[in-house]
Amino acid sequence: MELTINNNLDSKKWDDFILSHPEANILQSWAWGEFQESLDHKIWRFRVTENDKTIAQLLAIRLS
């Protein structure tokens with residue numbers, strides 16, 4: 001298992017993964033992270049892979 005943080009992440013692959021999970025929403029999208037950065041909030045994108053397949057990912061935002 002491998003955890004990737006903000007490195008070598010692809011926006012299309014990110015959003016494709018989010019869209020493939022009906023429980024996810026726009027607040028985990030790549031664009032939402034970009035919007036939060038435009039407001040000077042720090043963001044982190046986490047992706048967990050196993051055998052080169054994404055099994056989990058999340059967008060974290062520091063609002064203060």
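This briefing walks through the confidence, aromatic pairs, nonpolar core, salt bridges and loops of the structure above. It is a predicted model, so local features need pLDDT of at least 70 and side-chain atom pairs count only at pLDDT 80 or more, while totals for chains, interfaces and linings use all residues. Residues are numbered from 1 along each chain as its sequence is written, and side-chain values use heavy atoms, with hydrogens and water left out. A good place to start is W30, which pairs with the ring of W14, belongs to the largest nonpolar core and has the charged end of R45 over its ring.

**Confidence**

- The mean pLDDT of the chain (pLDDT being the predictor's confidence in each residue, from 0 to 100) is 93, and 100% of the residues score at least 70.
- Among the elements of the chain, α2 has the highest mean pLDDT, at 97, and β1 the lowest, at 84. Helices (H or I, at least four residues) and strands (E, at least two) are DSSP runs, numbered from the N terminus.

**Aromatic pairs**

- The whole structure contains 2 aromatic pairs. Rings of Phe, Tyr and Trp (its six-membered ring) pair if their centres lie within 6.5 Å; planes under 30 degrees apart count as stacked, over 60 as edge-to-face and the rest as tilted.
- W14 and W30 form an edge-to-face pair, because their ring planes stand at 75°, with the centres 6.0 Å apart. This pair ties together parts that are 16 residues apart in sequence, since W14 lies in helix α1 and W30 in helix α2 (residues 30–38).
- Are W14 and W30 buried or exposed? W14 is buried at 2% relative accessibility, and W30 is buried too, at 18%. The cut-offs are under 20% relative accessible area for buried, over 50% for exposed and in between for partly exposed (1.4 Å probe, protein chains only).
- W32 and F35 make a tilted aromatic pair, at 5.3 Å centre to centre and 40° between the planes. Both residues lie in helix α2, 3 residues apart, about one turn of the helix.
- W32 is partly exposed at 27% relative accessibility, and F35 is partly exposed at 39%.

**The nonpolar core**

- The largest nonpolar core has 6 residues in all: L9, W14, I18, W30, I43 and L59. Such a core is a set of buried Ala, Val, Leu, Ile, Met, Phe, Trp, Tyr and Cys residues joined through side-chain atoms within 4.5 Å.
- In soluble globular proteins, nonpolar side chains tend to be buried together.
- I18, one of the core residues, touches A24, N25, Q28 and Q57, leaving out residues up to four places away in sequence (a contact means heavy atoms within 4.5 Å).

**Charges**

- Which ring does the charged end of R45 sit over? The ring is that of W30, and the charged end lies 3.6 Å from its centre. A charge sits over a ring if NZ of Lys or CZ of Arg is within 6 Å of the ring centre and within 35 degrees of the ring normal.
- There are 2 salt bridges in the structure, each a side-chain nitrogen of Lys or Arg within 4 Å of a carboxyl oxygen of Asp or Glu.
- R45 takes part in a salt bridge with E34, where the closest N and O atoms are 3.3 Å apart. The pair links distant parts of the chain, with R45 in strand β2 and E34 in helix α2, 11 residues apart.
- R45 is buried at 6% relative accessibility, whereas E34 is partly exposed at 38%.
- D16 and K12 form a salt bridge with their closest N and O atoms 3.0 Å apart. Both sit in helix α1, 4 residues apart, about one turn of the helix.
- D16 is partly exposed, with a relative accessible area of 38%, and K12 is exposed at 55%.

**Loops with positive phi**

- N8, in the loop between β1 (2–5) and α1 (11–19), has a positive phi near 50° although it is not a glycine. N8 is exposed, with a relative accessible area of 76%.
- N51, in the loop between β2 (42–50) and β3 (53–62), is likewise a residue other than glycine with a positive phi, about 55°. N51 is exposed at 76% relative accessibility.

**A60 in strand β3**

- A60 belongs to strand β3 and is partly exposed, at 22% relative accessible area.
- Setting aside neighbours within four places in sequence, A60 is in contact with K42, I43, W44 and F46.
- A60 and F35 are 25 residues apart in sequence and 13 Å apart in space, C-alpha to C-alpha.
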